[in-house]
Amino acid sequence: MPPLRAALRTASAALALAGFAAGLTACADAGADVPPGRTAVVASFYPMAWLAGKVGGGDVSVRTLTRPGTEPHDLELTARQVANVQDADYAVYVKGVQPAVDDAVRKHAKGRSLDAASLVPKLPPPGETDDEEAHDGVRHREASYDPHVWLDPSRMATVAAALGERLAAADPAHAAGYRERARATAQALTGLDREFRDGLRSCARREIVTAHAAFGYLADRYRLRQIPVAGVDPAGEPSPKRLAGLARLVSSTGATTVFTETLASTRVAASLAREAGVRTAVLDPAEGAPEGTSGDYMTIMRENLRTLRPALECP
């Protein structure tokens with residue numbers, strides 16, 4: 001088993017955040033030390049923390065860098081959080097989502113980290129309007145691809161299998177457990193992928209109008225067409241001209257719904273829905289844990305499927 005750094009057994013453990021959903025079986029509470037005998041894993045935000053908890057099980061202690069209820073794209077790391085990246089035995093993240101995390105991993109955990117985006121086929125970044133690029137141009141130039149890979153369950157299955165092997169190599173004493181949990185998690189994700197394929201196979205409509213361009217991988221996997229209101233970052237806002245153009249596009253496609261999100265403002269998407277004369281519904285980009293004490297990534301994705309089917313008029 002890799003040595004657990006002393007800093008994770010002291011005051012820096014105050015970083016650990018309570019409130020993860022079921023499935024994070026080994027997540028430390030705020031202020032708690034890493035339990036003896038466990039590998040310290042730091043995760044960038046919820047979907048990576050969920051995956052680390054499922055694959056790591058009782059052999060890991062998972063900490064997240066993004067507070068529950070916080071929009072992950074906006075994350076800036078404190079000095080203590082950077083130290084947690086440095087002191088962890090392993091880091092799991094998605095390069096291109098959070099530049100501050102990318103930088104911390106590059107400087108402090110390069111040889112003991114897994115970038116989920118590096119393991120799967122990537123899509124090009126969605127196009128952005130001039131006003132969105134001006135709003136956040138530096139952030140968007142961090143990745144030459146769409147980083148939202150976790151919204152395709154089949155890609156997440158690939159990441160689960162790879163994470164099992166990485167943790168097995170980092171902690172050979174518990175290798176069998178990592179590999180078995182990785183197989184089980186990958187199988188569950190493959191089953192979820194099958195549910196989406198079956199549920200969205202014969203829909204009358206294929207367009208999904210989304211608050212921001214988070215659902216490219218989901219659309220690509222299940223033959224949908226994403227029409228985003230904003231770009232990669234949900235904080236970006238379209239100009240009035242683009243909003244009017246989007247309203248015309250929504251009307252021309254016959255779309256019935258503009259999808260809002262859980263962690264981002266609904267103001268712009270709701271305005272578009274009113275302009276186009278359609279309804280709104282929540283499509284969760286799975287960037288944060290479900291509210292309450294139950295549910296996890298799988299719950300979020302199944303709820304997304306239940307939301308999509310009536311909006312797309314699926315039989």
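**Helices, sheets and cores**

Q: What covers the buried residues of helix H3?
A: Helices (H or I, at least four residues) and strands (E, at least two) are DSSP runs, numbered from the N terminus. Buried stands for under 20% relative accessible area, exposed for over 50%, and partly exposed for the range in between (1.4 Å probe, protein chains only). With contact taken as heavy atoms within 4.5 Å, the cover of the buried residues of H3 includes helix H2 (79-87), S3 and S4.

Q: What pLDDT do local features need in this predicted model?
A: Residues are numbered from 1 along each chain as its sequence is written, and side-chain values use heavy atoms, with hydrogens and water left out. In this predicted model, totals for chains, interfaces and linings use all residues, side-chain atom pairs count only at pLDDT 80 or more, and local features need pLDDT of at least 70.

Q: Which arc do the buried residues of H3 cover around the axis?
A: In H3 (residues 99-108), the residues Val101, Asp102, Ala104 and Val105 are buried. The arc is that of the directions from the helix axis to the C-beta atoms. These residues lie on the same side of H3, because their arc is only 165 degrees.

Q: Which strands stand at the edges of the open sheet S2-S1-S3-S4?
A: Strands pair if DSSP finds at least two bridges between them. In the open sheet S2-S1-S3-S4 the pairing is parallel, and S1 (residues 39-43) is joined to S2 by five bridges. Two strands have a single partner each, so one side of each has no neighbour in the sheet: S2 (60-64) and S4 (113-115).

Q: What angle does the direction of helix H1 make with that of S2?
A: Axes are lines fitted to C-alpha atoms, for helices over the stretch in contact, and angles run from 0 to 180 degrees between N-to-C directions. Within the sheet, Ala43 stands opposite Thr64 in S2. H1 (residues 46-56) packs on this sheet and touches S1, S2 and S3 (90-93), its direction making an angle with that of S2 of about 175 degrees.

Q: Which strands does helix H9 touch?
A: Another open sheet has four strands with parallel pairing, in the order S6-S5-S7-S8. S5 (residues 207-210) and S7 (residues 257-260) are joined by two bridges, and Thr210 has Phe259 as its bridge partner in S7. H9 (residues 267-276) packs on this sheet, its direction at about 175 degrees to that of S7, and touches S5, S7 and S8.

Q: Why is the disulfide of Cys203 and Cys314 right-handed?
A: A disulfide is a pair of cysteine sulfur atoms within 2.5 Å, and for Cys203 and Cys314 the S to S distance is 1.9 Å. Cys203 is in the loop between H6 (175-199) and S5, whereas Cys314 is in the segment after H10 (297-311), 111 residues apart. The disulfide is right-handed because its torsion about the S-S bond is about 95 degrees.

Q: Which helix gives the largest share of the largest nonpolar core?
A: A nonpolar core is a set of buried Ala, Val, Leu, Ile, Met, Phe, Trp, Tyr and Cys residues joined through side-chain atoms within 4.5 Å. The largest has 62 residues, and Leu200 and Tyr297 have the most contacts inside it. Elements that each supply at least two residues include H6, H10 and H5 (153-170). The largest share, eight residues, comes from H5.
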